[in-house]
Amino acid sequence: MSSNPHQPSKLFYRIGEVSRLSGLEPYVLRYWETEFPQLRPDKGKSGQRLYKKKDLDHILRIKQLLYEEGYTISGAKKKMSGGQGGDVEDVIETAKKELREILEILK
């Protein structure tokens, strides 16, 4: 059903896959789990992290806030938890931008 044959269509992603898709090192992803309550990947029977699509979306949003928009960890945490949110148009524009970035990453 996917129009892009390279686009992953899985329920869960291992940390190596998330690292490749996001362009972030695994240690960064593990650190962000300690800082952002939104990132809580499931752990398989072997203890390996299993990220869902929403986790990947959160990771890409956090990356955008920190690396592109210049937020600190503290500021990004507030933004991710809904604190200091912008008006509706800003939220919609940010969502559109994020979706375009996700599509580019998955190409």
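**Close-up views of a predicted model**

At 18% relative accessibility, E98 counts as buried, because the cut-off for that word is under 20%. Keep this rule in mind as you go through the views of this predicted model.

**View 1. E98 sits in helix α5 and reaches residues from elsewhere in the chain.** E98 belongs to helix α5. Which residues does E98 touch, not counting those up to four places away in sequence? They are R61 and Q64.

**View 2. The whole protein combines helices and strands.** Before zooming in again, take a look at the overall plan. The secondary structure comes to five helices and three strands. Starting from the N terminus, the order of elements is β-α-α-β-β-α-α-α. The protein has 107 residues, and 32% of them count as buried. Among contacts with a separation of 6 or more, 56% are between residues 24 or more positions apart.

**View 3. Helices α2 and α3 pack against each other.** Helix α2 covers residues 26-35 and helix α3 covers residues 53-68. Their axes are 12 Å apart and make an angle of about 95°, and α2 and α3 are therefore roughly perpendicular to each other. Which residues meet here? From α2 come V28, L29 and W32, and from α3 come I59, I62, K63, L66 and Y67. Sorted by class, this contact has seven nonpolar residues, no polar ones and one charged one.

**View 4. The largest nonpolar core has 21 residues.** In soluble globular proteins, nonpolar side chains tend to be buried together. In this core, the residues that touch the most other members are V18, L29, W32, F36, Y51, I59 and I62. The elements giving two or more residues to the core are α1 (15-22), α2, α3, α4 (73-80) and α5 (88-106). Which element gives the largest share? That is α3, with six residues.

**View 5. Aromatic rings gather around W32, F36 and Y67.** The structure holds two aromatic pairs. In one of them, the ring centres of W32 and F36 are 6.3 Å apart and the ring planes stand at 75°, so this pair is edge-to-face. Ring pairs join W32, F36 and Y67 into a cluster. Are W32 and F36 buried or exposed? W32 is buried, with a relative accessible area of 3%, and F36 is buried too, at 0%.

**View 6. D55 is a buried residue of helix α3.** Find D55 in helix α3. Its relative accessibility is 1%, so D55 counts as buried. Setting aside neighbours within four places in sequence, D55 is in contact with Q38, L39, R40, P41 and L50.

**View 7. R49 and Y51 each touch several residues from other parts of the chain.** R49 lies in strand β3, which spans residues 49-51. How far apart are the C-alpha atoms of R49 and R30? They are separated by 9.4 Å, although the two residues are 19 residues apart along the chain. Not counting residues up to four places away in sequence, R49 touches Y13, R14, I15, R30, E33, P41, D42 and K43. With the same neighbours left out, Y51 touches L11, F12, Y13, R14, I15, V18, L29, E33, P41 and I59. You have already met Y51 among the core residues that touch the most other members.

How values were computed: Residues are numbered from 1 along each chain as its sequence is written. This is a predicted model: local features need pLDDT of at least 70, side-chain atom pairs count only at pLDDT 80 or more; totals for chains, interfaces and linings use all residues. Side-chain values use heavy atoms; hydrogens and water are left out. Axes are lines fitted to C-alpha atoms, for helices over the stretch in contact, and angles run from 0 to 180 degrees between N-to-C directions. Helices (H or I, at least four residues) and strands (E, at least two) are DSSP runs, numbered from the N terminus. Angles under 35 degrees count as roughly parallel, over 145 as roughly antiparallel, 65 to 115 as roughly perpendicular and the rest as oblique. Contact means heavy atoms within 4.5 Å. Ala, Val, Leu, Ile, Met, Phe, Trp, Tyr, Cys and Pro count as nonpolar, Asp, Glu, Lys and Arg as charged, and the others, Gly among them, as polar. Buried means under 20% relative accessible area, exposed over 50%, partly exposed in between (1.4 Å probe, protein chains only). A nonpolar core is a set of buried Ala, Val, Leu, Ile, Met, Phe, Trp, Tyr and Cys residues joined through side-chain atoms within 4.5 Å. Rings of Phe, Tyr and Trp (its six-membered ring) pair if their centres lie within 6.5 Å; planes under 30 degrees apart count as stacked, over 60 as edge-to-face and the rest as tilted.
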